[in-house]
Amino acid sequence: MAYTLTVNGKKSTVDVPADMPLLWVLRDVLKMHGTKFGCGIGQCRACTVHVDGKAQPSCQLQISAVGNKAITTIEGLSADGTHPVQRAWEQVDVPQCGYCQAGQMMAASALLAAKPKPTDADIDQAMSYNLCRCGTYIRIRQAIHLAASMGRNGAAHTTGSAAQ
Amino acid sequence: MTTKKTLDRRSFLRVTALAGGGVAFGLIGKDAFAQGRGGRGGGGRGGAGGGGFGGPAAPPKVENYIKITPDGKFTIMAKNPEVGQGVRTMLPMLIAEELDVDWKDVVIEQTDVDPSKYAGQIAGGSTATPQNWIPMRQVGAGARLMLRQAAAQMWNKPESEITTRSGKVYHEPSKQSAPYSQLASKLESMTPPSAEEIEKNFKDPKDYKIIGKSTVNCDIKAIIAGKPLFTIDQEIPGMKFAVYQKGPVFGSKVKTWNEAEIKKMPGIVDAFVVVKDQPNTPFIGYREEGKPADAGDLQEGIAIVADSWWYAQSARKKLQATWDEGPRATPEHSSTAYAAKAVEISKGEPHSTTRKDGDPDAALKGAAHTVEAAYAYPFISHADLEPQNCTANFKDGKCEIWSSSQIPTGAFGLIASNTGIEQSNITAHMIRGGGGFGRRLYNDYAVEAAMISKMSGHPVKLVWAREDDLANDYYRPGGFHFLKGGVDASGKVTAWADHFVTYGAPKSMPLQTSSAANIGPTEFPQPFIENYALYTSAQPVAIRTGSLRAPTSNALAFVVQSFIDELAHAAGKDPVQFRIDLLAQTKPEPPARGGRGGFGFGNAFNASRMTGVTKLVAQMSDWNNRKKSLPKGTGLGMAFHFSHSGYFAEVAEVKVEANKKIKVNKVWVAADIGRQIINPSMANNEAQGAVIDGISAMMFQEITLNNGRVQQSNFNNYKLIRMAQAVPEVEVQYLTSDNNPTGLGEPAMPPILPAVANAIFSATGDRVRSLPLKNSGYDFA
Ligand code: FES
Ligand code: FES
């Protein structure tokens with residue numbers, strides 16, 4: 001069945017079964033590999049994207065339920081890697097293997113859009129959906145605080161920013 | 001590119017002119033790495049089930065490590081697999097430092113796998129630092145020396161007056177300078193220096209500009225932008241997607257399945273059974289004569305190939321298969337039965353005596369204080385966040401694979417024997433892996449992908465679902481320890497006897513244990529206790545076992561360092577001082593303190609280095625004052641462990657609430673891994689990660705069996721630690737000692753488990769002797 005979806009401000013039409021999760025539409029059909037597969041059951045959040053600005057696990061969202069909601073993936077967080085979260089992640093040198101980090105950055109940018117100056121408790125709450133097998137949590141927290149201090153909050157970049 | 005004439009036999013550096021200008025410097029793997037390993041031996045590799053380390057010896061084939069091109073860039077090759085340990089950044093740092101170029105001008109290129117060119121293309125045993133510390137600097141320093149010699153000739157000045165800086169040669173007195181690339185054409189006709197000459201020209205560490213400076217992950221830009229980078233992101237033309245369903249018990253064989261129905265499902269290209277036609281013996285981790293250890297194995301299963309992974313996975317959900325589950329689908333292959341059997345074995349004669357010094361039984365009788373305790377720890381899974389996957393293209397008798405194997409050469413034999421082609425017809429590409437932790441030392445996913453590509457006639461990307469990954473691991477073996485210890489009135493440990501009940505072949509002679517399930521005869525504390533015994537017994541197991549981050553040590557440290565704590569408390573001594581005193585104990589006739597200490601690589605346990613980190617961590621944590629000033633319900637625990645040549649001592653401060661909810665407030669880590677931390681940013685990241693990983697493992701992680709079946713399936717029932725549960729602060733300090741630098745990823749992990757357990761004891765008086773903690777009612781606050 002054909003579905004039209006808007007990813008990072010760009011419309012695409014895909015011909016896939018109704019129950020195909022957005023994760024696999026992104027990865028295997030649209031060939032956008034930034035969004036990662038870790039568990040397929042909503043437990044690891046490596047697959048986090050923004051759906052109308054909210055962090056959601058894309059493995060749990062069937063294509064038939066996407067409708068005309070705006071999807072933002074890690075590839076669309078900024079056009080040039082300059083979203084505060086991206087800059088902070090680089091500056092703090094957060095990743096070890098890096099596999100969870102797209103999901104972490106999408107969760108962090110959604111958090112900052114909602115709460116530009118999050119407390120540690122806010123971070124614990126918002127970020128505890130995302131697993132990091134390598135245990136980079138201390139640096140993730142540090143990077144979120146750094147991104148929060150960078151002035152330009154993530155809000156403007158949560159949806160459709162690649163088109164800007 | 002044309003290779004230059006054969007050069008001086010002493011020389012192992014090779015210079016090659018590049019088409020279009022520029023020059024490349026290469027090393028001959030074999031000679032160079034013989035140098036780098038000098039004195040290190042490589043002993044103890046077999047001991048802990050290391051996953052076929054070493055690989056084939058490298059014949060002298062040249063490979064370039066540095067390319068100097070006219071654009072002012074320096075391309076530096078990274079030759080090892082990157083699975084998150086930072087080696088793709090770290091190895092080029094060593095070369096760039098001695099080459100004396102600016103890091104911003106360095107372009108890093110990942111090499112392919114070629115045992116004839118490179119030695120040690122593995123990610124295992126925390127070996128990358130010790131094995132490459134010398135040869136990688138040699139190639140950089142050798143190139144710099146030749147560039148200086150070329151400049152001396154060009155300007156007709158003495159070589160001693162030529163200096164280098166930021167990719168340029170300088171003659172300061174005459175104010176002349178030239179970029180390295182300008183000298184490229186001169187180098188061809190020169191004779192490269194010998195290893196000895198090069199080493200004389202190594203930089204003085206005080207002049208280091210790259211080594212010792214925090215250097216950001218070289219893949220950071222791709223990671224933050226979500227660029228395809230990992231194995232699972234690999235795409236090749238014409239590629240199909242595959243899933244592979246194996247049976248419920250290891251060694252299962254397919255009886256019946258709904259082939260016709262599966263093949264008719266949407267998007268399905270092909271579906272078939274991959275028959276395992278070899279005997280079923282090696283899968284529990286034994287080494288067969290003449291076979292590389294633990295390279296992985298092929299299990300029988302049903303392959304489904306489709307136009308997208310989701311189609312294949314959806315079809316799998318409709319799979320109706322019956323299996324011959326084989327001889328291991330029985331009640332004795334259940335976790336509860338294993339535990340009961342271990343207790344039964346502990347009451348009888350041990351199957352083997354691994355070590356006996358003095359007379360432990362008599363010493364126990366004469367001791368002022370004795371402690372007897374039984375410890376246990378479970379099987380655990382690696383749970384790399386990127387599930388195992390591999391892309392393979394089998395075509396016309398050749399096979400090309402893309403994987404994040406930690407020992408990619410290990411796939412060659414497996415693929416060759418199962419697909420029937422020569423190893424020389426296999427090409428392997430090393431792609432960044434989303435975590436390794438030892439899981440990717442086994443190449444089962446690679447042989448599966450190769451077989452599915454061959455049988456379907458398509459290039460395929462095989463991606464395991466999380467359920468495949470958790471049910472088909474080479475698990476960290478569980479184990480049981482039945483300990484007795486004695487302390488005299490002065491606090492000296494006079495007796496230690498450990499009956500270690502593990503998995504393996506009980507009737508074998510000598511006793512053969514499952515992979516990564518053995519303890520060596522000189523493991524700590526053997527060298528320090530006069531009356532010491534280690535007995536080992538084994539029972540059969542239904543699953544494969546293997547190396548997981550700090551194999552053996554990751555479990556053993558919990559047992560040994562908790563039991564030492566028990567002895568300290570029995571003797572009424574401070575746990576830190578008790579350990580320092582133990583390290584000062586000597587035996588009447590001290591046997592050689594050789595030993596492995598986990599993967600010791602032949603390095604002996606050095607008591608003064610361990611005493612050093614113990615004192616440092618006590619000072620960092622303000623042990624003596626802090627332990628007195630903590631509120632009720634909060635405790636401090638300390639532990640140390642030596643593995644992979646690294647000395648680590650750690651202190652944990654843990655708060656335990658009334659309902660057994662714990663919060664690890666802070667951890668202090670003191671490490672001695674030699675005289676130089678190469679990349680402090682990554683070192684600290686990994687040390688912190690190791691602490692968090694260890695706490696995660698000890699709280700939740702457990703693979704249990706029921707009638708041979710693994711009972712955990714996904715992260716809902718095999719939990720990993722999360723942000724709110726993780727210790728928020730881990731302070732790391734390094735004690736620099738005059739030893740060549742060694743690895744950190746593994747040895748940082750083992751001490752945290754007993755440090756936390758000892759802290760729980762000090763907070764509550766509850767001695768936890770069995771992992772995971774959740775089984776004793778603990779959880780995170
Ligand atoms: S893959 Fe979606 S939550 Fe794990
Ligand atoms: S960096 Fe490896 S899983 Fe997070």
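This text walks through a predicted model, beginning at the contact between chain A and chain B and then moving into each chain.

The contact draws 52 residues from chain A and 60 residues from chain B. About 4700 Å² of area is buried between the two chains, and carbon and sulfur atoms account for 60% of that area. Between chain B and chain A there are 5 salt bridges. One of them joins A:R27 to B:D233, with the closest N and O atoms 3.1 Å apart. The number of residue pairs in polar contact between the chains, both residues at pLDDT 80 or more, is 28. On chain B, the elements that each supply at least two residues to the side touching chain A are α6 (220-225), α8 (309-317), β20 (460-463), α13 (466-471) and α18 (680-700). Of the residues on this side, α18(B) gives the most, with 9. Sorted by class, the side of chain B that touches chain A has 31 nonpolar, 16 polar and 13 charged residues.

A:R27 also belongs to the buried part of helix α1 in chain A. This helix, residues 22-29, is mostly covered, with 7 of its 8 residues buried. Besides A:R27, the buried residues include A:L22, A:W24 and A:D28. After α1(A) comes A:K31, which has a positive phi, near 60°. Elsewhere in chain A, A:C100 is buried at a relative accessible area of 3%, and A:C132 is buried at 5%. Over all chains, the structure holds 0 disulfides.

Salt bridges are also found within chain B, and the count over all chains is 48. B:R432 pairs with B:D219, the closest N and O atoms being 2.7 Å apart. This pair links distant parts of the chain: B:R432 is in the loop between β19 and α12, B:D219 is in the loop between α5 (195-200) and α6, and the two are 213 residues apart. Both partners are buried, B:R432 with a relative accessible area of 1% and B:D219 with 9%.

A second pair is formed by B:D444 and B:R439, whose side chains meet in a salt bridge at 2.8 Å, N to O. B:D444 counts as buried because its relative accessibility is 0%, and B:R439 is likewise buried at 0%. These two residues are part of a network of salt bridges that also links B:D297, B:D473 and B:R544. B:N443 lies in the loop between β19 (426-430) and α12 (444-456). It is buried, at 1% relative accessibility, and the side chain of B:N443 makes a polar contact of 2.7 Å with the side chain of B:S405.

A third salt bridge joins B:K774 and B:E702, with 3.3 Å between the closest N and O atoms. B:K774 is in the loop between α19 (752-764) and β31 (779-780) and B:E702 in the loop between α18 and β28 (705-706), so the bridge ties together parts that are 72 residues apart in sequence. B:K774 is partly exposed at 38% relative accessibility, whereas B:E702 is buried at 15%.

The last position is B:F528, in the loop between β23 (512-513) and β24 (531-539) of chain B. Although it is in a loop, B:F528 is buried, with a relative accessible area of 0%. B:F528 and B:Y208 are separated by 320 residues in sequence and by 39 Å in space, C-alpha to C-alpha.

Terms used
Residues numbered from 1 in each chain as written. Chains lettered and ligands numbered in written order. Predicted model: local features only at pLDDT ≥ 70, side-chain atom pairs only at ≥ 80, totals over all residues. Heavy atoms only, no water. Contact = heavy atoms within 4.5 Å. Buried area = accessible area lost by both parts, 1.4 Å probe. Salt bridge = Lys/Arg side-chain N within 4 Å of Asp/Glu carboxyl O. Polar contact = N/O pair within 3.5 Å; in protein donor to acceptor, adjacent residues only side chain to side chain. Helix = DSSP H or I, 4+ residues; strand = E, 2+ residues; numbered from the N terminus. Nonpolar A, V, L, I, M, F, W, Y, C, P; charged D, E, K, R; others polar. Buried < 20%, exposed > 50% of the residue type's maximum accessible area, 1.4 Å probe, protein only. Disulfide = S-S within 2.5 Å.
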